[in-house]
Amino acid sequence: MIDWILILAIETCIILFVIWIAWSGIVGAPWVPTPRKRVRSMLEFADVNHDDILYDLGSGDGRIIVMAAKEFGARSIGIEVDPLRYLWSKVSIRRNRVSSKVQVIKRNFFKVDLEDATVVTLYQGYEINKKIREKLSEDLQPGTRVVSYRFILDGWTPTRTNDDESIYLYVV
Ligand SMILES: C[S@@+](CC[C@H](N)C(=O)[O-])C[C@H]1O[C@@H](n2cnc3c(N)ncnc32)[C@H](O)[C@@H]1O
């Protein structure tokens with residue numbers, strides 16, 4: 001009986017794990033974290049400061065939103081569809097004592113209004129960036145900075161690029 005329950009539990013865990021991995025890959029890019037050194041470069045590149053409201057679209061473990069608040073003084077909001085990364089980033093926000101400045105929302109970022117953003121960070125994929133670009137065009141105020149890691153926003157001309165680190169800055 002115990003063997004049977006154990007096998008069922010393991011099978012359930014495997015199925016949940018596969019769904020979890022596949023889900024974020026279906027609605028956007030799967031979780032691949034930006035190296036912290038690159039996160040710092042992205043935030044420096046966009047000149048993030050304490051006047052900014054930064055959104056990270058697909059915020060993973062929350063490393064961008066935490067660093068934006070902790071080292072650059074910005075208010076930051078992460079949007080993450082994956083429940084485990086969402087919970088992980090909640091823990092990271094508490095551990096880094098930035099709860100007053102940082103928030104994470106468990107949602108599909110296509111369904112979140114980005115109107116008050118002054119900076120948007122992205123690490124998605126080439127194809128998904130085309131859809132994101134349409135959303136950004138609709139939601140963002142003129143002057144908002146968009147920093148994309150590794151993938152360009154096809155059809156927009158970057159204001160600055162850092163080719164060595166694959167960082168692209170756009171100003172709406
Ligand atoms: C390549 S990772 C980047 C994570 C983080 N921004 C970083 O730079 O370390 C992409 C993240 O986007 C999330 N994601 C993909 N599509 C999404 C969507 N439509 N809404 C919210 N999150 C999404 C994935 O779950 C994953 O954590």
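The following exchange between a colleague and a modeller goes through the fold of this predicted model.

Residues are numbered from 1 along each chain as its sequence is written. Because the model is predicted, local features need pLDDT of at least 70 and side-chain atom pairs count only at pLDDT 80 or more, while totals for chains, interfaces and linings use all residues.

Colleague: How many helices and strands are there in the protein?
Modeller: Helices (H or I, at least four residues) and strands (E, at least two) are taken as DSSP runs and numbered from the N terminus. From that end the elements run α-α-β-α-β-α-β-β-α-β-β-β. The protein therefore holds, by this DSSP definition, 5 helices and 7 strands.

Colleague: What is the order of the strands in the open sheet?
Modeller: Two strands pair if DSSP finds at least two bridges between them, and the pairing in this sheet is mixed. Strand 1 and strand 2 run parallel and are joined by 5 bridges, strand 1 and strand 4 also run parallel, with 4 bridges, whereas strand 6 and strand 7 (residues 167-171) pair in the antiparallel sense over 3 bridges. The open sheet of 7 strands has the order 3-2-1-4-5-7-6.

Colleague: Which are the edge strands?
Modeller: An edge strand here pairs on one side only. For one of them, strand 6, the partner is strand 7, where Ile 167 is the bridge partner of Asn 162. The edge strands are strand 3 (102-105) and strand 6 (160-162).

Colleague: At what angle does helix 3 run to strand 2?
Modeller: Axes are lines fitted to C-alpha atoms, for helices over the stretch in contact, and angles run from 0 to 180 degrees between N-to-C directions. Helix 3 (residues 63-70) lies across strand 1 (53-57), strand 2 (75-79), strand 3 and strand 4 (119-122). Its angle to strand 2 is about 175°.

Colleague: How many of the residues of strand 1 are buried?
Modeller: A residue is buried if 20 or more other C-beta atoms, placed from the backbone, lie within 10 Å of its own, exposed if 12 or fewer, and partly exposed in between. In strand 1, Tyr 55 has Ile 77 of strand 2 as its bridge partner, and Leu 54 stands opposite Val 119 in strand 4. Strand 1 is mostly covered, and the buried count is 4 of its 5 residues.

Colleague: Which residues have the most contacts inside the largest nonpolar core?
Modeller: A nonpolar core is a set of buried Ala, Val, Leu, Ile, Met, Phe, Trp, Tyr and Cys residues joined through C-beta atoms within 7 Å. The largest has 38 residues, and its largest share, 6 residues, comes from helix 3. Those with the most contacts inside this core are Ile 65, Ala 68, Val 120 and Leu 122.

Colleague: Why does Val 98 count as buried?
Modeller: Val 98 is found in the loop between helix 4 (83-95) and strand 3. Leaving aside neighbours within four places in sequence, Val 98 is in contact (C-beta atoms, placed from the backbone, within 7 Å) with Val 66, Ala 69, Lys 70 and Ile 93. Val 98 counts as buried because its C-beta neighbours inside 10 Å number 20.

Colleague: What is the radius of gyration of the protein?
Modeller: The radius is taken over C-alpha atoms, and the globule rule is 2.2 Å times the number of residues to the power 0.38. With 172 residues, a compact globule would have a radius near 16 Å, which agrees with the value for the protein, 17 Å.

Definitions and conventions: Two residues are in contact if their C-beta atoms, placed from the backbone, lie within 7 Å.
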